[in-house]
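Hello,

Here is the structure I promised to pass on. Please have a look at it first, and then read on for what turned up in it.

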Amino acid sequence: MSDSEEETRSFLINLPVFSSFNVDELSIFARHMSFIHLQRGEYLFVEGDQGTFLGFVVSGILEVQKRADTGENITLARLTKGSSIGEMALIDKSPRSATVIARQATTVVTLTDKGFELLAERYPPLGIKVIQKVARLLSLNMRRTSSKLADLMQSSLYEDPSEHNNH
């Protein structure tokens, strides 16, 4: 096992999402992953880019931004150590739905769609396990987003309409 694979495995072992993986599975998984190092202000990806990888923040802070109809970027989330990003890329290979920028020097460990395909071909049970984990992450993100949307809708119901009048 290379130093990079050992480093990857030791990072993955501490992520709750991989708690059900044994050491051998994590070692195999780590062999199919690589690191991306970003400096402050560098983009991990831009909204509209082709989605080709899933990543986990090893260190640093990433900011997820979405372009509003007005053209301004709205911050949707800040991701720190252990956070995942780009899960949809392994499932639907659609263009990125948001922009992700490093707010400080950041390291991300990634699994590309091609890396996943090789992993799933060589180790089908592990491929299934990875898909189950990705599905769980997507589900958690959807629940979190739904809650935020419900909160926003609820708060807009209680806004004072007179604040919007031009008297």
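A residue counts as partly exposed when its relative accessible area lies between the limits for buried, under 20%, and exposed, over 50%. By that measure E117, at 39%, is partly exposed. Please keep in mind that this is a predicted model.

My topic here is salt bridges. Side chains of opposite charge can pair when their charged atoms come close. Searching the whole structure turns up six salt bridges.

Let me start with E117, which pairs with K93; their closest N and O atoms are 3.5 Å apart. This salt bridge links distant parts of the chain, since E117 sits in helix 4 (residues 113-122) and K93 in the loop between helix 3 (87-92) and strand 7 (99-102), 24 residues apart. K93 is partly exposed too, with a relative accessible area of 35%.

Another network is worth finding on your screen: E63, R78 and R103 are joined into one by salt bridges that share partners.

Next come K66 and E47, whose side chains form a salt bridge at 3.1 Å, N to O. K66 belongs to strand 4 (residues 62-67) and E47 to the loop between strand 2 (43-45) and strand 3 (53-59), so the pair ties together parts that are 19 residues apart in sequence.

Finally, which residue forms a salt bridge with E6? The partner is R9, with the closest N and O atoms 3.1 Å apart. The two are three residues apart in helix 1 (residues 3-12), and therefore separated by about one helical turn. E6 is partly exposed at 36%, whereas R9 is buried at 17%.

Best wishes

Key: Residues are numbered from 1 along each chain as its sequence is written. This is a predicted model: local features need pLDDT of at least 70, side-chain atom pairs count only at pLDDT 80 or more; totals for chains, interfaces and linings use all residues. Side-chain values use heavy atoms; hydrogens and water are left out. A salt bridge is a side-chain nitrogen of Lys or Arg within 4 Å of a carboxyl oxygen of Asp or Glu. Helices (H or I, at least four residues) and strands (E, at least two) are DSSP runs, numbered from the N terminus. Buried means under 20% relative accessible area, exposed over 50%, partly exposed in between (1.4 Å probe, protein chains only).
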